[in-house]
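Work through these short exercises with the structure in view. Try each task before you read its solution.

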Amino acid sequence: MNGRFRSAWLLLALAVSSLPGLAHAQDPEQAEEEDVVEREPQRVSGAITTDPARERLRLAPPFAKDRAGDITTRALFPFFFERRGPKLLERFIVPQYYRRSPALNADVTLGLVWSLRGPDRNTLVIGPGYGHHRGNDWGAALFPLFAAGEYAGHSHLVIPPLLTWLDGDAKRHRRVVALYYDVKKKDVRWRGLAPLVWSKQGDQGGFTVLPPLYWRFTQADPLENTTVVPPFYHVRTKDESRWAVVPLLWHKKSPELRATTIPLVLFHHARGPNEFRLVTPLLAYLSDKKENSKLWITPLYQRGRGDKNFDAVAPLYIRTWDHRDQSHGLYLPPFYWHWEDPANRYTTVLPLFMRNVSEGISDTWLTPLIGRKRSHEQDAQSWWMAPTFQWGWQPDQWFFNFHPLAYVGRTKEADHTVALPLYFDFHDKKEDARRTAAFPFWWDFRIAKKKKHNRVLFPLYYDTRNDEKQRYYKIGFPLYWDFNFQDRQERYTITFPFHGRGIHGDRTRHYVLNTMYEPAHGLDRSWQFHFFPFTARGGSKTGKWWSVLYGLAGYERRGDYRRMQIFWIPIELSKAAPITAKPPAKRHQL
């Protein structure tokens with residue numbers, strides 16, 4: 001019992017002594033100092049140690065007194081606790097805690113009022129409020145109304161009822177007051193009053209927005225920015241500026257050009273060292289010194305001079321010429337179109353005639369009744385005759401088409417003959433393959449390279465040959481079926497519904513209605529006959545057997561072996577083992 005009480009009082013003493021540590025847990029340096037001064041190592045009874053020995057322990061529950069070294073502890077559980085030393089005094093008298101030491105003085109009442117004092121600190125906690133200072137650090141709060149303080153150069157102020165949050169230091173800060181925000185980081189800063197004002201400033205650019213009235217965007221280059229005040233906008237770059245009152249007026253200014261556009265009155269004016277443009281409803285003039293070109297446009301006459309030249313009374317008359325490729329053209333829309341250069345000519349007289357000539361390459365002409373296309377490169381011609389005839393040829397092939405009914409073609413590698421929708425014939429000479437169909441009754445597909453040949457007289461006759469796999473199928477639907485698997489030495493023939501035959505290697509079976517007969521085969525010359533389900537009989541060189549209703553009565557003899565069956569019960573008549581031939585290899589059964 002004394003051991004148990006002693007443990008309980010020691011645990012109580014340790015719990016009470018931890019109160020000041022909890023009261024200033026935010027100060028790890030102070031806690032370390034207190035541990036060094038106050039918590040002397042204790043000697044456990046019976047242990048071998050150089051620590052000071054426990055001198056005396058008195059225990060008379062609920063009273064305990066303990067003395068270890070210079071520290072004396074008294075307790076009257078659970079109302080009183082005291083620990084006293086040369087430089088330490090701790091006393092707990094419910095509901096008051098009292099502590100005095102060189103490092104920390106503490107007073108705690110009911111766990112609600114805390115007063116922690118030291119050489120360079122003072123902390124006071126009363127209910128939801130607290131005050132604290134240590135050196136240059138300080139803090140104060142009255143929860144949930146406000147909290148403020150400064151620690152290691154970082155300050156904060158939080159006022160929840162006013163939706164206020166302020167914290168930061170000399171380089172970074174965050175300030176939020178209701179709808180206002182100001183956030184500063186290393187190289188960027190955001191500020192605004194939501195949803196009225198939004199802004200950003202940084203080394204890589206920023207913006208200021210007052211939606212929907214004002215937008216301004218800046219770049220890293222201070223000379224580059226964009227400003228929008230609807231319907232006005234202004235864009236500035238290093239060498240250029242643009243502004244507009246949308247959709248009334250547009251203006252652009254750069255070292256190469258200064259331009260103004262008023263779309264509603266069809267007015268455009270631009271002027272620069274090398275370029276001039278003037279566009280009005282009655283007159284348009286464009287000049288470019290770099291291109292050495294000029295363009296005049298009036299409602300009656302149009303003229304262009306430069307690398308490309310033209311004179312026109314659009315849309316009735318247009319004449320063009322280009323000195324660079326010696327080309328020229330004349331157009332009288334919509335009936336006459338002509339264009340040519342030294343190697344090409346194109347002429348159209350609608351709806352009577354069209355001709356397109358590329359010297360040494362091709363020559364094409366077309367009329368409402370007949371047309372021809374000739375390729376000089378391939379020595380080929382293609383003709384068309386109204387309404388749907390088409391034919392053509394070249395040295396190694398020719399074709400004839402009667403759209404959309406007949407198509408005939410012959411080439412060096414393939415031929416085709418098609419009479420839609422009844423007849424199809426495709427011959428691939430390269431693969432030695434031919435596919436012929438007289439739709440829908442006759443189909444003949446042959447691929448000599450793959451050794452395949454399929455013929456169908458739909459729906460009565462089917463003949464499929466695959467010489468590569470040695471498989472053959474013939475069907476005279478619905479009476480005759482013949483499947484020949486030469487790779488497996490199997491063949492099945494059916495003359496429906498009277499006769500069937502199955503061949504498996506050297507074994508042959510015949511089926512006629514409800515009878516089956518297997519002639520003698522193999523080394524033992526075995527044979528069998530069945531008249532389903534009444535009787536069966538068979539034999540071999542070594543013996544014979546017979547059966548009635550497959551076990552109602554039966555007898556079997558194989559050499560010296562004898563067996564009989566009565567009412568499907570086998571009865572051994574001799575003890576000699578039956579003589580059996582070597583079983584044949586496993587084969588598929590019909």
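This is a predicted model, where local features need pLDDT of at least 70, side-chain atom pairs count only at pLDDT 80 or more, and totals for chains, interfaces and linings use all residues. Residues are numbered from 1 along each chain as its sequence is written, and side-chain values use heavy atoms, with hydrogens and water left out.

**Exercise 1.** Place Phe 441 and find its contacts.

Solution.
- Step 1: Phe 441 sits in the loop between strand 45 and strand 46 (442–447). Strands are DSSP runs (E, at least two residues), numbered from the N terminus.
- Step 2: Phe 441 has a relative accessible area of 52%, so it is exposed. The classes are buried under 20%, exposed over 50%, and partly exposed in between (1.4 Å probe, protein chains only).
- Step 3: Beyond neighbours within four places in sequence, Phe 441 is in contact with Val 456, Leu 457 and Phe 458. Contact means heavy atoms within 4.5 Å.

**Exercise 2.** Describe the salt bridge between Asp 415 and Lys 429.

Solution.
- Step 1: The N to O distance is 3.4 Å. A salt bridge needs a side-chain nitrogen of Lys or Arg within 4 Å of a carboxyl oxygen of Asp or Glu.
- Step 2: Asp 415 lies in strand 43 (residues 414–419) and Lys 429 in the loop between strand 44 and strand 45, so the pair ties together parts 14 residues apart in sequence.
- Step 3: Asp 415 is buried at 14% relative accessibility, whereas Lys 429 is partly exposed at 38%.

**Exercise 3.** Classify Arg 563 and Glu 556 as buried or partly exposed.

Solution.
- Step 1: Arg 563 has 25% relative accessible area, so it is partly exposed.
- Step 2: Glu 556 has 11%, so it is buried.

Conventions
Helix = DSSP H or I, 4+ residues; strand = E, 2+ residues; numbered from the N terminus.
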